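This report goes through the structure shown here, with attention to charged side chains and the packing of one helix.

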Amino acid sequence: MSAAAQQTGSAGALAAAQQQPSFWLSVLVPVYNVEDWVAQCLDSIRAALLALPPGQAAGVEVLLLNDASSDASWHIVQQMAAQWPPCGHLALMAHPRNRGLSAARNTLLDAARGEYVWFLDSDDKLMPQAMAALHRHLHAAGASGQKPDLLMCDFQIWRSRPRCKHRLRGELHRSSFAGAATAFSSDRRALMLGLLRRGQMHIWSKITRRALWGSDLRFAEGAYFEDMQLVPRLALHCQSFAYVPQVWVAYRQHGRSILSGMNLRKAQDLSAALLQARDQWQSGGATPPPPGEPEMAFAFSHLAARNFIGAMRYVCNARNGLDARAQQASGAQFWANWQNTALLPAGQLLRQYARRGQLWRAMRFGYWMRRAQKMAAHLKDAAP
C-alpha cells in the first residue's frame with residue numbers, strides 16, 4: 001500500500017512531507033467541485049505511475065488539496081485514496097474555506113518536496129506514458145549533467161463529444177512552444193520567443209524545478225487568467241529549458257472552464273494579465289533577453305493584443321447585459337491596459353503586421369483599437 005496521508009492546510013502537510021524520502025517529482029492537484037471528472041484525473045495519474053520503470057514511482061509524490069468543495073469531489077478522492085495501489089506517495093490536504101485556484105496551487109507548492117513540480121487541474125488528465133517519458137528525459141539529462149529548469153510538453157483538447165471539425169483543427173495535438181524539440185538549451189531568447197509566439201501560457205504543460213519558485217513567484221490569488229500572469233515571469237527566472245513535442249496532458253473542454261463563460265471580471269483580468277510580466281521585465285528585475293529586441297517586442301505586443309481583443313469582444317457583446325456607460329468604461333480601461341502592457345506603440349504594431357503579411361491581424365487589431373478609442377472618447381465627453 002502506498003503512503004497516504006491526510007493533512008489540513010499547508011502547515012501539517014509541510015511537517016509530514018519533511019519526514020518523507022526525497023522525490024524527483026511532485027504532482028500537484030487542486031480539487032474544487034469536479035465530481036464529474038476527478039475520478040478520471042486520479043485514474044490517469046495512477047496509470048502514469050504504474051507505467052514508470054520499476055522503483056521510480058516511489059520517487060513521485062501526488063498532493064491533492066480540497067479547496068472546500070461543496071459537491072462530492074472530495075468524497076470521491078478519499079474513496080480512491082483508500083484503494084491507492086503501492087505506487088508513489090499520495091497525500092491529501094484541505095483548505096478550511098474556499099480560497100480559489102491560485103491559493104490552492106500556492107499551498108500545494110509550499111508543501112511540495114519534489115525536485116520538479118507538475119501542476120495538473122483536477123478536470124484534466126495525464127496521458128498513460130507521460131510520466132515515464134518525463135522520467136526518461138530527466139534521467140538522460142541528469143546523466144549528461146544538463147537538467148533543465150523548465151520542461152515543456154504538448155497537449156490535446158479533450159471533449160466529451162469530439163467531432164470531425166475538432167480533429168481537423170488539430171485538437172488531438174496542440175503544441176505549447178513555437179520551436180524545435182530540444183533536450184537542453186540555455187538560449188533564453190529562444191525560450192521567451194517560443195512561449196510568446198505560441199501563446200499557450202497554461203502551467204500544466206510546464207514541468208519546473210521547484211527551486212525556481214521563490215517567494216516572489218506565486219499565483220495571484222483572486223485573479224482569473226493566473227497562468228497568463230505567471231508563466232512569462234516564470235520564464236524570466238529560467239536559465240535553461242527543454243521541449244518535448246509529445247502530448248502528455250489532455251485538457252478538458254466543458255461548460256465550466258474559464259474560457260467557456262466569460263464575464264466582466266474575467267475580461268478585466270485578461271486585459272491586464274501581462275502587466276506584471278512587462279513591469280518585471282523592464283524594471284531590470286530580469287536578465288536578458290532584452291524586451292526591446294524587435295522580435296521580442298513584437299511577440300509580446302501581439303500576445304497583449306490577443307488579450308485586448310478577447311476582452312473587447314466580451315464587452316461589446318450585446319448579450320452581456322452591460323449598459324452603455326459600463327461598456328465605455330470597460331473599453332477605455334482595456335485600451336489603457338493594452339497601452340501600458342505592449343512593448344510597441346499601436347501604430348508600430350500595425351506596421352509590423354503589414355510588413356509580415358499579417359493583414360488580417362492588422363485589420364482585426366485596428367478595428368478593436370478604434371472601437372476602444374471611441375469608447376474612451378465618449379466616456380470623457382460624458383464626464384461632468
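The text below moves from the overall fold to salt bridges, then to a helix and an arginine.

The model is predicted. It has 14 helices and 10 strands, and 55% of its 384 residues are buried. Of the contacts between residues at least 6 apart in sequence, 80% join residues at least 24 apart.

**Salt bridges**

The whole structure holds 13 salt bridges. Three of them are listed here, with the N to O distance.

| Positive residue | Negative residue | N to O distance |
|---|---|---|
| Arg105 | Asp227 | 2.5 Å |
| Arg209 | Asp149 | 3.2 Å |
| Arg189 | Glu293 | 2.8 Å |

Arg105 and Asp227 form a salt bridge that links distant parts of the chain: Arg105 is in helix α4 (residues 101-111) and Asp227 in helix α8 (residues 226-237), 122 residues apart. Both Arg105 and Asp227 are buried. The salt bridge between Arg209 and Asp149 also links distant parts of the chain, with Arg209 in strand β9 (residues 206-209) and Asp149 in the loop between α5 and β7 (150-158), 60 residues apart. Asp149 counts as buried because its relative accessibility is 12%, under the 20% cut-off.

Arg189 pairs with Glu293 in a salt bridge. Arg189 belongs to helix α7 (residues 188-198) and Glu293 to the loop between α10 (275-282) and α11 (294-315), so the pair ties together parts 104 residues apart in sequence. With 36% relative accessibility, Arg189 counts as partly exposed. Elsewhere, salt bridges with shared partners join Arg105, Asp121, Glu226 and Asp227 into one network.

**Helix α2**

Helix α2 (residues 38-50) has 13 residues, which at 1.5 Å a residue should span 18 Å; the end C-alpha atoms are 18 Å apart, so the two values agree. Its buried residues are Val38, Cys41, Leu42, Ser44, Ile45, Ala48 and Leu49. They cover an arc of only 155 degrees around the axis, and therefore lie on the same side of α2. Among the elements that cover these buried residues are β2 (23-31), β3 (60-66), α3 (73-82), β6 (125-126) and α5 (130-143).

**Arg252**

Which side chain of opposite charge is nearest to the buried Arg252? It is Asp124, 5.6 Å away, and Arg252 has no salt bridge. That distance is outside the 4 Å cut-off for a salt bridge. Arg252 lies in strand β10 (residues 241-252). A polar atom of the Arg252 side chain lies 2.8 Å from the backbone oxygen of Asp123. Leaving aside residues up to four places away in sequence, Arg252 touches Trp37, Gln40, Asp123, Asp124 and Trp158.

Note on methods:
Residues numbered from 1 in each chain as written. Predicted model: local features only at pLDDT ≥ 70, side-chain atom pairs only at ≥ 80, totals over all residues. Heavy atoms only, no water. Helix = DSSP H or I, 4+ residues; strand = E, 2+ residues; numbered from the N terminus. Buried < 20%, exposed > 50% of the residue type's maximum accessible area, 1.4 Å probe, protein only. Lys, Arg positive; Asp, Glu negative; His and termini not counted. Polar contact = N/O pair within 3.5 Å; in protein donor to acceptor, adjacent residues only side chain to side chain. Contact = heavy atoms within 4.5 Å. Expected span 1.5 Å × (residues − 1). Arc of directions from axis to C-beta.
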